[in-house]
Amino acid sequence: MKRRGLILSVLALGVAGFGGAAWYATRPDPIAASDPIDPEMADALIRPYSPILGPEDAPVTIVEFFDPACEACRAFYPVVEDIMAEHGDAVRVVIRYTPFHGEASVEAIRVLEAARMQDVFEPVLEAVLREQPRWASHGTPAPGLILEIAASGGLDVEAARTQMLAPGVVAVLNQDRADVETVGVRQTPTFFVNGKPLDPFGEAELQRLVAVEVAASQS
């Protein structure tokens, strides 16, 4: 993932405020980070179509349940980016869509899927997150604004208008919604590292859990 200007704008938000109620719904019954997810839920963590950042064959997989309209997801983007940079080819990130902020989230996910069809997923993701305060007002965003923003990341807007409505995009949204329920995700971002849920939640905790898994993969 490329840094560009996003990191400077995001760091100003501060990672310390991640507990705010406006950003999270409460997840009941936290699971200890050392306990892997139940085997029957494992298939719901990763689907063959899920977007992947980093090497597909990396030994350590971070699964992020991600809402492009979520302020905390935006603020955690450079954290995840730094983890990938630190560990190189040992880490990949699998993104699962979690549209907890209504229509704004759904439209952004459709835009990201169109970007994936056009092989500009990462630059469009960065543009969408960088300009999130403009389009993700959690109210009624200006029509066409997110497409205008995505175009700055290389999206062909005219092609995207058709791609966003493709049956495959609807299927991705529906399956990801179902998997969110199966796994019991109640907040974004929610992370799993090699099938282990991140709980307690935090930047340092994510860094430590990834480092442990990377070391185990190299031993």
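In what order do the five strands of the open sheet stand? In this predicted model, the order is β1-β3-β2-β4-β5, and the pairing within the sheet is mixed. The edges are occupied by β1 (52-53) and β5 (196-197), each of which has a single partner strand, so that one side of each is left without a neighbour in the sheet. Further in, strand β2, which comprises residues 60-66, pairs with strand β3, residues 91-97, in the parallel sense, and seven bridges are found along this pairing. Within this pair of strands, valine 60 has valine 91 of β3 as its bridge partner.

Among the helices, the packing of α3 (residues 103-117) with α8 (residues 167-183) was examined, and the axes of these two helices are 10 Å apart and enclose an angle of about 125 degrees. Because angles of 65 to 115 degrees count as roughly perpendicular and those over 145 as roughly antiparallel, α3 and α8 are therefore described as oblique to each other. The crossing in which α3 passes α8 is right-handed. On the side of α3, the contact is made by Val106, Ile109, Arg110, Glu113 and Met117, which meet Val169, Val170, Val172, Leu173 and Arg177 of α8. By character, the residues of this contact comprise seven that are nonpolar and three that are charged, with no polar residue among them.

Helix α8 also takes part in a link with a distant part of the sequence. Of salt bridges, the structure holds 10, and one of them joins the side chains of arginine 47 and aspartate 179, with a distance of 2.8 Å from N to O. Since arginine 47 lies in the loop between α1 (6-11) and β1, whereas aspartate 179 belongs to helix α8, this pair ties together parts that are 132 residues apart in sequence.

Several features of the backbone are found in loops. The peptide bond that joins threonine 188 and proline 189 is cis, with omega at about -5 degrees, and proline 189 is located in the loop between α8 and β4 (190-193). A cis peptide bond also leads from aspartate 199 to proline 200, where omega is near 15 degrees; proline 200 has its place in the loop between β5 and α9 (203-218). Aspartate 119, although it is not a glycine, has a positive phi of about 60 degrees, and this aspartate 119 is found in the loop between α3 and α4 (121-130).

Terms used. Residues numbered from 1 in each chain as written. Predicted model: local features only at pLDDT ≥ 70, side-chain atom pairs only at ≥ 80, totals over all residues. Heavy atoms only, no water. Axes fitted to C-alpha atoms, helices over the stretch in contact; angles between N-to-C directions. Helix = DSSP H or I, 4+ residues; strand = E, 2+ residues; numbered from the N terminus. Parallel < 35°, antiparallel > 145°, perpendicular 65-115°, else oblique. Left-handed = near helix turned anticlockwise from the far one by under 90°. Contact = heavy atoms within 4.5 Å. Nonpolar A, V, L, I, M, F, W, Y, C, P; charged D, E, K, R; others polar. Pairing = 2+ DSSP bridges. Salt bridge = Lys/Arg side-chain N within 4 Å of Asp/Glu carboxyl O.
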